[in-house]
Amino acid sequence: MARAPRRHAAPVWRTRRTRSRTGPRPARPGPGTIRAGEAVVPSHAHAGRDPAVFVRPDDFDITRPPGPHLAFGHGPHRCIGADLARLELRNAIGALADRAPHLRLAEPATALPFLGGSLIGGVERLPVRTHAP
């Protein structure tokens, strides 16, 4: 289950060191065209939504089989704290489920306000109910 949130809503959308790339010649990486000299900005968040890699990429599905995602980067740019973050996430979700089995959103998920920046993703606030309705 812990993979679904990371793929669906990557915690880091881009880094301060993310630079736009300029195409030296026209390219068609997907349905659109990148013209020669046109700038492209890579995004971790959009990499997890590639329909060529994920079936129904915009669906939040905790039963989805594990697949590739770039939530913590990749290769030499992989987050040094990725393994610790995974461990903390697994332990925190397990402890929270044990201690608050009736935990539910207090508002519809569609009403949650998302952060407006382009560096870090997430919701501005997450109101919850801790008791049975």
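Let me begin with Val128, which is partly exposed, with a relative accessible area of 39%, and which is found in strand 4. I should say straight away that this is a predicted model, and that the values I quote are computed from it.

Setting aside its neighbours within four places in sequence, Val128 is in contact with Leu103, Arg104, Leu105 and Ala106. For one of these residues, Ala106, we also have a backbone distance: the C-alpha atoms of Val128 and Ala106 are separated by 4.5 Å, although the two residues stand 22 apart along the chain.

Another of those contacts, Leu105, lies in strand 3, which covers residues 104-105, and Leu105 is likewise partly exposed, at a relative accessible area of 34%. Together with Leu126, Leu105 and Val128 form a nonpolar patch on the surface, and the accessible area of these three residues together is about 240 Å². Why can Leu105 and Val128 be counted in such a patch? Because patch residues need over 30% relative accessible area, and Leu105 has 34% while Val128 has 39%.

On confidence, strand 4, residues 128-129, has the highest mean pLDDT among the elements of the protein, at 91, whereas helix 1, residues 3-8, has the lowest, at 56. Across the protein the average pLDDT is 77, and 77% of the residues score at least 70. Where pLDDT is low, the predicted coordinates should not be read in detail.

Let me turn now to the charged side chains. How many salt bridges does the structure hold? There are four, and I will go through three of them, starting with the pair Arg35 and Glu38, whose side chains meet with an N to O distance of 3.0 Å. In this pair Arg35 counts as exposed, at 55% relative accessibility, whereas Glu38 is partly exposed, with a relative accessible area of 26%.

The other two share a residue, Asp83. Arg78 forms a salt bridge with Asp83, with the closest N and O atoms 2.9 Å apart, and Asp83 forms a further salt bridge with Arg86, where the closest N and O atoms are 3.6 Å apart. Arg78, Asp83 and Arg86 are thus linked in a network of salt bridges. What separates Asp83 from Arg86 along helix 3? The two are three residues apart in that helix, which runs over residues 82-99, so about one helical turn lies between them. As for solvent accessibility, both arginines of the network are partly exposed, Arg78 with a relative accessible area of 36% and Arg86 with one of 24%.

Finally, the overall picture, which puts these local features in their setting. The secondary structure of the protein comes to three helices and four strands, and, read along the sequence, these follow the pattern α-β-β-α-α-β-β. Of the 133 residues in the protein, buried residues make up 16%. The accessible surface of the protein comes to about 9,900 Å², and 60% of that surface belongs to carbon and sulfur atoms. If we take the contacts with a sequence separation of 6 or more, residues 24 or more positions apart account for 50% of them.

To come back to where I started, Val128 and Leu105 belong with Leu126 to the nonpolar patch on the surface, while Asp83 is linked with Arg78 and Arg86 in the network of salt bridges.

Methods:
Residues are numbered from 1 along each chain as its sequence is written. This is a predicted model: local features need pLDDT of at least 70, side-chain atom pairs count only at pLDDT 80 or more; totals for chains, interfaces and linings use all residues. Side-chain values use heavy atoms; hydrogens and water are left out. Buried means under 20% relative accessible area, exposed over 50%, partly exposed in between (1.4 Å probe, protein chains only). pLDDT is the predictor's confidence in each residue, from 0 to 100. Patches are made of residues with over 30% relative accessible area and no salt bridge: like charges are joined within 9 Å, nonpolar side chains (Val, Leu, Ile, Met, Phe, Trp, Tyr) within 5 Å. Accessible areas come from the Shrake-Rupley method with a 1.4 Å probe; for residues, only the protein chains shown count as cover. Contact means heavy atoms within 4.5 Å.
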